[in-house]
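Please read the report below with the sequence and the model side by side. It takes up a few places in turn.

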Amino acid sequence: MRYIKLPSENFGKFFNSLREWGRVYGPVKKGKVYSFQEVGDPAEMALDYNRTMLPPKKFFVGPRETILRLKNGHWEEETNVEPTVLFGLHSCDIHGLKILDGVYLNEPVDPYYLRRREATLIVGISCMPDEYCFCKSLGTHFAMDGFDLFLHELPDGWLVRIGSVRGHEIAWRHGELFEEVTDEDLANFREFEERRANSFRRELPQGGLADMLDLAYNSPVWKKYAEICLGCGNCNMVCPTCRCYEVCDRWTDAYGAVRERRYDSCFMENHGLVAGGHNFRPTRLDRFRHRYYCKSYFDPSAGYNCVGCGRCDEFCPAKIEHVGVLEEVRGSLQ
Amino acid sequence: MNPYMSHDARILEVKDLTPREKLFTLRFVDPEVGANFSFRPGQFVIVDVRGFGEFPISLCSSPTRKGYLQLCIRKAGRMTKFIHGMKEGDIIGIRGPYGNGFPMERMEGSNLILVAGGLGMAPLRSVLWYAIDTGKYGHVHLFYGTKAYEDILFRDEVIHLLKHGEAMNCSVKLAYEVESPSCIYLERGFSDRVCRGVVTDLFRGEEFNVNNTYALICGPPVMYRFVIRELLDRRLSPGRIYMTLERRMRCGVGKCGHCIVGTSVSIKYICQDGPVFTYWDALSTRGLI
Ligand SMILES: Cc1cc2nc3c(=O)[nH]c(=O)nc-3n(C[C@H](O)[C@H](O)[C@H](O)COP(=O)(O)OP(=O)(O)OC[C@H]3O[C@@H](n4cnc5c(N)ncnc54)[C@H](O)[C@@H]3O)c2cc1C
Ligand code: SF4
Ligand code: SF4
Ligand code: FES
């Protein structure tokens, strides 16, 4: 890792330099929630945001997108991508993207995802947890890779970690904006990280979690929550690691059609439906439990399918709390 | 290479197998694609009816018979109804093959018990012909349960094997549920091998050498539990029981998430980890069957 310092007064220039790279998207406050929007001026951004409603996955797999276009009876691949800068990603969201990488960049590589990933510069930013965050217990509160540049707040600027050759090139090209890191900066960085680590209010104890959950398959707690759950699927839409998609063909005129994919949710009744009307997850209980099992699966190479961002809690209309459910299920065993 | 892009395949022949199922014989338009297409029994392809959608279908021909592919497609809904309306010469898209297929090499030299229920005959037909064509297996038993005489898939082949299978080291047993003159006629001719009942009835009186036998099952979801019980009663190891499973599938390549099953300790993608699993997999992964 290389560390450099961006003094506060150069922040605007640095931001503008990123616009040479591509369109810049950053966290913007809209009503009560934040979302990643195109920004032209750093003042439009809310850099102290807690979390956006939709995670950055929307830039790589859209809520609805065309993958193939039918012309004269043959499919053509949709290839347009634009260079993009995602500014201000939190560490948990960077981990979320790494989990998606594990899916989409695994053989066979999803070319749409790959192209967008390659065309996107990721600039991370440090954050303070709110009452929903539990990334620390999952080890996703600090990103060691998966970004090009990562900005850590200092009293008089930013400590920048450079995470890729591309990030290095950008810093190099605008070398006049940066300074060397001093001992004082490092002390401030450490102080910030310590304060942050002590600010987490929610925790997910993971010891033996996966086995406990599996053993508690018939726990009444699943049932209790499945009855409260509205089955709206919000928790899937906002989750940075949920990725189920549905595909359908749509005619655009008498001669042409497109094949589109769009987000799907395992809370929808037809998610487990196959021909002949057989449903492998017919009840709300089956579907509720399935989501928790999917999120709590531990892949030795990629970790959990949950990064502790707290979105599913904040945006659940039934106020169901992810950690609360898991802890209660675990507790029901004793 | 875009993994979602299908290859043109021409329909060489459409044959009615039953009132609900048709057999489509296909050949890739590009000979190079055809030459590079190899598969093992138990694998499936995704059929692309351009502008209407895609759906997964098992390969029901054997890789030993080259130059063409066969798919047995039941009219189940929108897309399969559309393809039932297609004719010889029409072009569809095929991508794949996908999935793991049956471990044909591992089973070489052993006896095979193929247990088919209804449409489950389709993927097992691929195994059946593969085993007969290569001659690398011990005795091949086919236990096949259908609703009625009209529903027997590949009826000519099944009846041919019922009559002459022994010469090919293969024996067939058939169970039907709905009585009809044709069934009674068959039952009279082969009273030891044809009966009215369900597929598990065919196990009555059967014993086999569990150290030298593999069972391969494919059928409707309800069938697995009962067939597996018959096999376990005869002490066949869960590791020697293979079954091919079905889920809703969109991508076929581990991306769309539809076919995920399991819990916090074991998650499987039916499209990539399967569709063939052992009964041991089912014991260790909840929700598989
Ligand atoms: C591995 C595998 C192998 C199969 N092999 C065969 C075979 O050899 N012969 C055969 O006739 N059928 C087979 N099927 C089932 C076949 O895929 C479905 O019958 C078909 O998708 C139904 O599509 P439809 O549009 O006609 O049905 P509809 O009921 O109209 O379907 C509605 C939607 O659900 C989807 N859908 C329904 N059932 C399934 C399903 N099981 N898998 C994926 N999507 C589904 C359809 O694609 C469609 O978009 C197989 C399924 C799988 C998973
Ligand atoms: S399950 Fe909830 S907390 Fe975990 S990553 Fe998804 S939205 Fe965030
Ligand atoms: S957001 Fe809440 S109510 Fe909606 S499906 Fe998820 S858990 Fe249920
Ligand atoms: S079919 Fe898409 S993940 Fe298996």
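## The surroundings of ligand 3

In this predicted model, the residues around ligand 3, meaning those with a heavy atom within 4 Å of it, include Cys229(A), Cys232(A), Cys235(A) and Cys316(A), and among the others are Leu230(A), Phe267(A), Pro317(A) and Ile320(A). The shell divides into nine nonpolar, three polar and no charged residues, where Ala, Val, Leu, Ile, Met, Phe, Trp, Tyr, Cys and Pro count as nonpolar, Asp, Glu, Lys and Arg as charged, and the others, Gly among them, as polar.

## The surroundings of ligand 2

Around ligand 2 there are 13 residues, of which Cys239(A), Cys306(A), Val307(A), Cys309(A) and Cys312(A) come nearest. This shell holds seven nonpolar, three polar and three charged residues. At least two of its residues are supplied by each of α10 (284-295) and α11 (311-314) of chain A; helices (H or I, at least four residues) and strands (E, at least two) are DSSP runs, numbered from the N terminus.

## Two sides of a helix

In helix α5 of chain A, residues 165-173, the buried residues are Gly167(A), Ile170(A) and Ala171(A), buried meaning under 20% relative accessible area, exposed over 50%, and partly exposed in between (1.4 Å probe, protein chains only). Seen down the axis of α5(A), these buried residues fall within an arc of 95 degrees, so they line one face of the helix; the arc is that of the directions from the helix axis to the C-beta atoms.

On the other side of α5(A), Val165(A), Trp172(A) and Arg173(A) are exposed. The buried residues of α5(A) pack against several elements of chain A, including β1 (2-7), α1 (11-18) and β7 (120-125), with contact meaning heavy atoms within 4.5 Å.

## Where the chains meet

The contact takes 47 residues from chain A and 36 residues from chain B. About 3500 Å² is buried between the two chains, and carbon and sulfur atoms give 55% of this area; buried area is the accessible area (1.4 Å probe) that two parts lose on being put together, summed over both. Tyr245(A), Phe280(A) and Tyr297(A) supply 16% of the area that chain A buries against chain B, more than any other three residues.

Between chain A and chain B there are five salt bridges, each a side-chain nitrogen of Lys or Arg within 4 Å of a carboxyl oxygen of Asp or Glu. Glu246(A) forms a salt bridge with Arg248(B), and their closest N and O atoms are 3.8 Å apart.

## How to read the numbers

Residues are numbered from 1 along each chain as its sequence is written, while chains are lettered from A and ligands numbered from 1 in the order in which they are written. As the model is predicted, local features need pLDDT of at least 70 and side-chain atom pairs count only at pLDDT 80 or more, whereas totals for chains, interfaces and linings use all residues, and side-chain values use heavy atoms, with hydrogens and water left out.
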